[in-house]
Amino acid sequence: MKILICIKQVPDMESKFKVDSEGIWYDRADLAWRMNEYDEYAVEQAIRLKEQVKEADLTVLCIGPGQVTETIKKALAMGCDRGVHIADADSYKKEPIEIAAMIAGFAQDKNFDIIFTGMQSQDRGSAQVGVMVAELLGIPAVTTIVDFLYENGTIQVKRELEGGSKAVVTTGTPVLLTCQLGLNTPRYPTLPNIMKAKKKELLTVEGSTGDISRMQATAACYFPEKKGGGLVLEGDVAELADKLIQILKEKTSILA
Amino acid sequence: MEFTREIYWNVGHGFTTLGPMYGLLLVALVFFTVGFLKRITVYRLGQPLNRTDQRGVRLKSLLETALLQTKVFRVPGAGTAHGVFFWSFFVLFIGTVLIVIQADFTDLFFGIRFLKGTFYKLFSLTLDLAGLVALFMLSGLLVRRYLVRPEGLTTKSDDALMHCLLFAILITGFALEGARMAVTELGTPLAGWSPVGFGVALLLSGIQEADLRTLHSTLWWIHLGLAMGFIAVIPYSKFRHIVTTSANAFLTDLGPTGKLTTINLEDEDIEKFGADTVTDLSWKDIFDADACTLCKRCQDRCPAYATDKPLSPMKLINQIGAVAFSDRTANLLDTITRDAIWSCTTCRACQDICPASVEHVNKIVEMRRNLVLMEGEFPGEEVMAAMEQTEVNGNPLGMGYASRGDWAEGLGVKPLAEDPEVDVLYFVGCYASFDKRNIAVARSFITLCQAAGVKVGILGKEEKCCGEPMRKMGNEYLYQTLAMEMVEAIKGYGVRTIVTTCPHCFNTLHKDYRDFELDVTVIPHVVFLQQLIASGALAVKPLEFTCTYHDSCYLGRHNDIYDAPRNVIRTAGGRITEMTRTRDQSFCCSAGGGRIMAEEKLGTRMNIRRVQMAVATGADRLLSNCPFCLTMFEDGIKGADVEEQLRPYDIAEVLAERIEPVGTEGY
């Protein structure tokens with residue numbers, strides 16, 4: 001079984017973000033980088049599947065500048081077999097369809113049985129790349145999976161729907177699955193696996209978007225405008241109700 | 001008349017006595033040797049470890065610990081009884097040896113007798129009194145073990161055997177002495193020099209001489225048999241501690257205190273890290289189980305045990321021994337249980353008090369290393385998250401690394417990258433960098449330094465966690481990654497002196513980083529402040545206050561710093577009311593051993609227990625020297641609902657409130 005896992009390196013969300021000089025994305029200085037949270041679920045699920053079926057080859061793919069190999073190494077230490085780095089220092093400027101085209105360009109002649117991706121990235125959050133890859137490859141996609149079962153070539157997943165309800169979807173291969181929080185708890189790499197990962201294949205290749213061109217562009221990137229702070233009322237209930245009515249009368253037109 | 005006695009009186013000094021006697025001794029020695037050789041084969045299952053270097057220091061430790069019983073005497077009561085019993089029994093042993101030397105050697109071959117005259121009188125009196133004291137102490141220990149039954153004391157058949165045998169040896173000794181004296185010494189001036197024997201002789205004085213002689217020879221052979229039996233049974237019973245515990249004083253860890261072994265991560269041949277079987281541990285770790293006497297001092301002081309967690313250091317040591325001597329392939333982690341292994345705060349209370357030089361903490365860390373490095377297991381998801389946060393941002397709190405130096409805003413303290421010309425580097429630590437409560441401590445410390453004219457620099461966003469919590473949790477890989485980075489950063493600026501406000505940072509930089517060739521003076525802030533006050537650089541105006549002081553584990557037991565913080569507090573005008581668990585007996589706040597990253601899910605809350613001890617002193621301030629302790633006390637004071645009675649502070653905070661502006665004298 002051949003499995004592809006697409007991951008992205010994203011800034012740690014606790015970092016101090018600044019808008020970059022072009023005003024279309026965040027500035028990359030002083031950021032700490034890590035694997036996109038949803039991609040960790042994808043990596044973990046692929047490794048669990050390999051542990052189940054034994055015969056499987058896991059390729060982990062990441063697009064970006066040279067520093068993303070650190071994140072690929074983490075996936076290799078978790079248990080992926082080989083890494084592919086599509087070198088692109090400007091990947092952050094690319095729109096979802098361009099990223100999807102680069103992945104599809106790599107995957108189209110490799111006959112992957114299953115492609116795992118994160119449901120979305122923590123930084124851009126478009127949630128489009130996975131489904132677009134499937135579309136470009138002409139294979140089905142199931143998004144936002146929170147449960148995964150594999151038995152005799154049949155895959156049964158649970159999708160998370162609005163309002164907490166779930167849908168059970170059964171599919172065969174090839175298929176692309178995008179992974180959501182709750183699917184699993186990603187493992188902590190063991191030291192022998194960290195050591196082994198240092199010797200695993202990690203290829204850097206040039207990426208190409210083929211004949212796909214961008215369909216949208218980011219116009220501007222900015223922080224939300226500061227709005228007024230909240231107001232906490234204290235006291236007993238009757239008093240609170242009076243105060244609230246008073247405020248609603250004075251500051252809004254709801255009771256007018 | 002000549003004051004002496006006939007050795008071998010009544011039993012004779014011919015072959016019929018010496019033959020069986022030395023025959024029995026030989027048999028006893030064979031049992032003794034075979035017994036220990038068998039045990040040595042089990043010790044050898046462990047990994048190699050050099051514990052025979054620095055023999056002079058080791059010999060001193062052996063003499064102090066075994067002969068002087070210094071560690072045993074640290075606990076009054078049972079410890080006193082054991083120590084005094086040991087001394088008296090040792091005197092009896094020396095006495096017996098002297099008799100053997102004279103009767104079967106110097107007298108036999110050279111006709112030299114030294115047991116005579118005044119020396120004999122003193123010899124006789126000393127041995128008699130030693131026997132009496134031994135009986136008295138042994139009775140005390142018997143009452144304690146079988147009638148008082150202190151909580152947690154494990155009593156086995158071995159203990160009964162020991163009591164019976166020792167009582168029998170002492171009683172038959174006095175009885176046969178009495179029988180001999182009833183015939184030979186009653187009515188002579190010599191009798192008074194053996195007061196106990198004299199008493200027994202008086203009791204026996206009505207018996208015919210022939211019967212006394214029969215009684216004497218019977219008792220003599222019984223006494224001899226018991227003594228030989230005692231030697232033979234040593235390796236097969238708890239008596240073995242006479243040998244193993246003494247030996248352990250020689251084989252003891254010579255420090256630095258609490259230093260763990262550093263795994264060579266460059267060695268690609270290592271396939272297994274940490275310990276999940278006894279054979280992964282060192283031979284000393286197996287030997288420790290044999291040296292343990294089940295005195296339960298460790299268990300009595302273990303904060304995890306005291307708060308109902310499934311850890312008893314004593315039990316853990318003996319489980320390792322039980323596995324080593326039964327199924328050596330058994331999984332240690334399953335036997336000891338993960339919950340017990342994770343419960344340790346590495347506070348060292350167990351190891352510090354242990355009279356048998358047992359090393360508990362390193363074993364626990366070895367097992368944690370196996371869980372973390374081989375299995376990727378942690379006590380909880382929160383700990384794994386903290387590890388990952390540390391990998392990404394260099395701190396377990398998950399704060400963005402770039403804002404690490406923000407706490408110092410407005411204080412005029414610059415990162416070394418901007419200004420490397422400083423008197424000291426302040427290694428701030430994660431909590432003082434990011435935790436609001438501890439930022440106040442860092443700022444107080446800077447205020448004090450500036451008042452004393454000390455130019456302080458920080459690493460700012462170049463600083464990362466020292467790696468101590470990760471290391472103690474078993475994550476040696478992450479620790480070493482951080483350590484190497486920090487050493488490189490520190491060395492890059494040519495720093496000569498580092499000051500810390502966190503004892504965990506201090507211990508790590510001061511001891512552990514030496515493995516990575518950091519050779520810089522590292523000083524904990526309380527000591528540094530004491531030096532500034534002593535040199536006159538820092539003028540403090542004492543304003544009276546009452547407080548109690550908590551010795552953090554890593555400044556106290558791990559580094560023996562007890563007086564400097566107290567001196568600083570007194571200089572500030574503090575009147576310290578000590579808690580019952582103070583100095584080397586201090587009770588951990590719960591956050592050591594990497595537990596700062598873990599939720600305390602088992603048993604009761606350790607920090608609340610400590611806060612209650614502080615409340616009991618009646619003082620309204622709880623002073624400490626550690627950001628982990630301070631964090632735990634803030635939380636524990638809320639948990640114990642004593643916010644009105646007690647407030648926690650770092651020593652630097654109370655000192656900073658009392659800075660005397662320089663040059664105001666005379667106003």
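Nine strands of chain A line up in an open sheet, in the order β9-β8-β7-β10-β6-β1-β4-β5-β11, with mixed pairing. This is a predicted model, so read everything below as a description of that prediction. Here's a quick tour of the sheet, then of chain A as a whole, its contact with chain B, and one helix over in chain B.

**The sheet in chain A**

- The edges belong to β9 (166–171) and β11 (202–206) of chain A; each has a single partner strand, so one side of each is left without a neighbour in the sheet.
- Ignoring direction, neighbouring strands here are turned by 30° against each other on average.
- As general background, strands of a sheet pair through backbone hydrogen bonds, and they can do so either parallel or antiparallel.
- For the edge strand β11(A), the partner is β5 (residues 82–87) of chain A: the two pair in the parallel sense over 5 bridges.
- If you want to find that pairing in the viewer, try Ala87(A), whose bridge partner in β11(A) is Glu206(A).

**A helix across the strands**

- Helix α3 (residues 96–107) of chain A lies across four strands of that chain, namely β1 (2–7), β4 (57–64), β5 and β6 (114–118).
- Relative to β4(A), helix α3 of chain A runs at about 145°.

**Chain A overall**

- Chain A has 6 helices and 11 strands.
- Its C-alpha trace spans about 70 × 45 × 40 Å along the principal axes.
- Of the 256 residues in chain A, 36% are buried.
- Looking at contacts in chain A with a separation of 6 or more, 70% come from residues 24 or more positions apart.

**Where chains A and B meet**

- Chain A puts 16 residues into the contact, and chain B puts in 19 residues.
- On the chain A side, the largest share comes from helix α5 (residues 191–197) of chain A, with 4 residues.
- Sorted by class, the side of chain A that touches chain B has 7 nonpolar, 3 polar and 6 charged residues.

**A covered helix in chain B**

- Over in chain B, helix α9 (residues 283–291) is mostly covered, with 9 of its 9 residues buried.
- Among the buried residues of α9(B) are Trp283(B), Ile286(B) and Phe287(B), but also Lys284(B), Asp285(B), Asp288(B) and Asp290(B).
- The cover over the buried residues of α9(B) includes four other helices of chain B: α1 (15–43), α8 (241–251), α12 (313–324) and α16 (361–375).

How values were computed
Residues are numbered from 1 along each chain as its sequence is written. Chains are lettered from A and ligands numbered from 1 in the order in which they are written. This is a predicted model: local features need pLDDT of at least 70, side-chain atom pairs count only at pLDDT 80 or more; totals for chains, interfaces and linings use all residues. A residue is buried if 20 or more other C-beta atoms lie within 10 Å of its own, exposed if 12 or fewer, and partly exposed in between; C-beta atoms are placed from the backbone. Two residues are in contact if their C-beta atoms, placed from the backbone, lie within 7 Å. Ala, Val, Leu, Ile, Met, Phe, Trp, Tyr, Cys and Pro count as nonpolar, Asp, Glu, Lys and Arg as charged, and the others, Gly among them, as polar. Two strands pair if DSSP finds at least two bridges between them. Axes are lines fitted to C-alpha atoms, for helices over the stretch in contact, and angles run from 0 to 180 degrees between N-to-C directions.
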